[in-house]
Amino acid sequence: MFIIDECHRSAWGKWSLVLTRNPSAVQIGLTATPRKLETTEDTPEVREDLQITADNVRYFGEPVYEYDIGQGIEDGYLAVCSIHPRNINLDHTGITIEEILARNPVDSITGQPVTEEEIRERYECTSYERRIELPDRVLVMCQDLFSALVQRGKPEQKTVIFCVSDKHADEVAITMNNIYVDWCGQNNRQPLPDYAFKCTAKSSGNDYLPDLKESSRSHFIATTVDLLTTGVDVPPLENIVFFRYMRSPLTFYQMIGRGTRLHPPSGKLMFRVYDYTNATRLFGVEFLTKLSPRKDDKTGNKVKEKGGSYNVESQKIITVEGFDVRISAGQKSILTMVNGETIPVSVEEYRERLGKRLMEEVSNIALFREIWIKPNTRNQLMSILPDGGRSPLVLRAVSELEDYDLFDILGELGYGIQLRTRKQRAEAFEYKQEKWLEMMPEATGATIKAITAQFAQNGTEELENPKLFQLPMVKKAGGIGALKEFGDPKELLLDTKMRLFAA
């Protein structure tokens, strides 16, 4: 028996001899990206290529077992994926020869001026950083990404940026480091070492992988080309960033797979894709690769296949500065299962799907409140919501509502209650329950207020913290002894919760 992992690539080449010479053996191919080859010619050379090239379905037959990424997310085994598209003006318009010449283009290697004859008529966005280097575009993209990280709380987040080339990866790492150092200076912080680093085959990138995976004090932003596409497990990875254009669905899914690992130590339940090149259009596309024989271009230069298109190896690369680069945010979306297919849906559609599912389980706000105040019934409800019960957490994060408790997120979504932050809900409780609190001994009322103050900071779960009565504020107010003066502490806490969530 032969079991071949990552069979979209590892079963081929020299390994194919082992398979073809043992046709009677049981052969099992495992892959997350089963590739199919599309051929337009039927020649002996093409047939020979097909014998040693990874067409998984052609060789192994139709899969005997499939488990979709969306199903893995739904079942709670994989991290939820939110998509944050970014629109770049130059990528929509392209660049004309007149615009290039007006900015004094130079050869990226020699620094010498480039003539009009050496420049093609138009450069489309897929040429950027591969045939034409635009330092202004690199800078603005890095600034935009860095701002997004800071907006989420801090710039030190484990992130992989997929770049066009080794040189591009180098420039992005340098730019991200410079932005980070400037930000630290403006915020009176000491920069952490090796914030951004190039992680490519040419730079011995494998040497840095342990730090990317494990260090919490260095190596946060990895810039790479292909090194981190397969076979690398980085559970704490929070962000995947596309600075390069993608044509291959197979390679794209392999890149996305780097972020799907859960990481319980850090509480990672989701990851973000910052898409600057519309790479996420490839979600739902089959792993189809065109196979064409090597051929010459009109000038006699050898060309080689690159993701279904041809790239002239001797193509001159030029550098142009002085372009006005602007970036705007696109519509956020979340990867989820729809009718058995894994596709991105808008945040609004995701909200509607979650609200509908919630209403199917709990018909009204009064019943929802009763379920919410008890950990066992709340956890049971959460477990049957979409994406393994993580959908409310995902929606809160994507909607930038981190100051709100999940009770309010779901209550507003399903039953139209007025959204209140945790702090606002705690303040409303004190105001609306003033008479109830005055009925209690002074220490009891003070302890209840101290407990709701903990909710204002950390939400529902803090009300059930086993160490709640050991917290300095609660202990100083009177602690569990003060609650006993007014009755059963357990019942009093339940009553407090009910009143808090009715505030």
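## Burial, salt bridges and patches

H219 is buried, with a relative accessible area of 6%, where buried means under 20% relative accessible area, exposed over 50% and partly exposed in between, with a 1.4 Å probe and protein chains only as cover. The model is predicted, so that local features need pLDDT of at least 70 and side-chain atom pairs count only at pLDDT 80 or more, while totals for chains, interfaces and linings use all residues. Residues are numbered from 1 along each chain as its sequence is written, and side-chain values use heavy atoms, with hydrogens and water left out.

**Exercise 1. Locate H219 in the chain and list the residues that it touches.**

Step 1: H219 sits in the loop between α9 (209-214) and β11 (221-224); helices (H or I, at least four residues) and strands (E, at least two) are DSSP runs numbered from the N terminus.

Step 2: Leaving aside residues up to four places away in sequence, H219 touches K158, P193, D194, Y195, F197, Y208, D211 and L212, a contact being heavy atoms within 4.5 Å.

**Exercise 2. Decide whether P386 is buried or exposed, and find its partners.**

Step 1: P386 lies in the loop between α13 (375-383) and α14 (391-398).

Step 2: Its relative accessibility is 16%, so P386 counts as buried.

Step 3: Beyond residues up to four places away in sequence, P386 touches E74, L354, R357 and S391.

**Exercise 3. Work out how helix α15 is covered, and what its buried residues pack against.**

Step 1: Helix α15 (residues 406-415) is mostly covered, since nine of its ten residues are buried, among them L406, F407 and Y415.

Step 2: The buried residues of α15 pack against α11 (347-361), α12 (365-372), α13, α14, α16 (422-432) and α21 (489-502).

Step 3: D408 of α15 is buried, and D408 forms a salt bridge with R425, the closest N and O atoms being 2.8 Å apart; a salt bridge is a side-chain nitrogen of Lys or Arg within 4 Å of a carboxyl oxygen of Asp or Glu.

Step 4: R425 is buried as well as D408.

**Exercise 4. For the salt bridges of E238 and K332, name the partners and give the exposure of each residue.**

Step 1: E238 pairs with R152 in a salt bridge whose closest N and O atoms are 3.6 Å apart. This pair links distant parts of the chain, with E238 in the loop between β11 and β12 (239-242), R152 in the loop between α7 (135-151) and β9 (159-162), and the two positions 86 residues apart.

Step 2: E238 is partly exposed at 23% relative accessibility, and R152 is partly exposed at 32%.

Step 3: K332 forms a salt bridge with E400, with the closest N and O atoms 3.3 Å apart. Here too distant parts of the chain are linked, K332 being in the loop between β18 (327-329) and β19 (333-338) and E400 in the loop between α14 and α15, 68 residues apart.

Step 4: K332 counts as partly exposed at 26% relative accessibility, as does E400 at 48%.

**Exercise 5. Identify the residues of the nonpolar surface patch of about 480 Å², and place I3.**

Step 1: The members of this patch are M1, I3, V26, I28 and L30; patches are made of residues with over 30% relative accessible area and no salt bridge, like charges being joined within 9 Å and nonpolar side chains (Val, Leu, Ile, Met, Phe, Trp, Tyr) within 5 Å. Accessible areas come from the Shrake-Rupley method with a 1.4 Å probe.

Step 2: I3 belongs to strand β1 (residues 2-4), and its relative accessible area of 54% makes I3 exposed.
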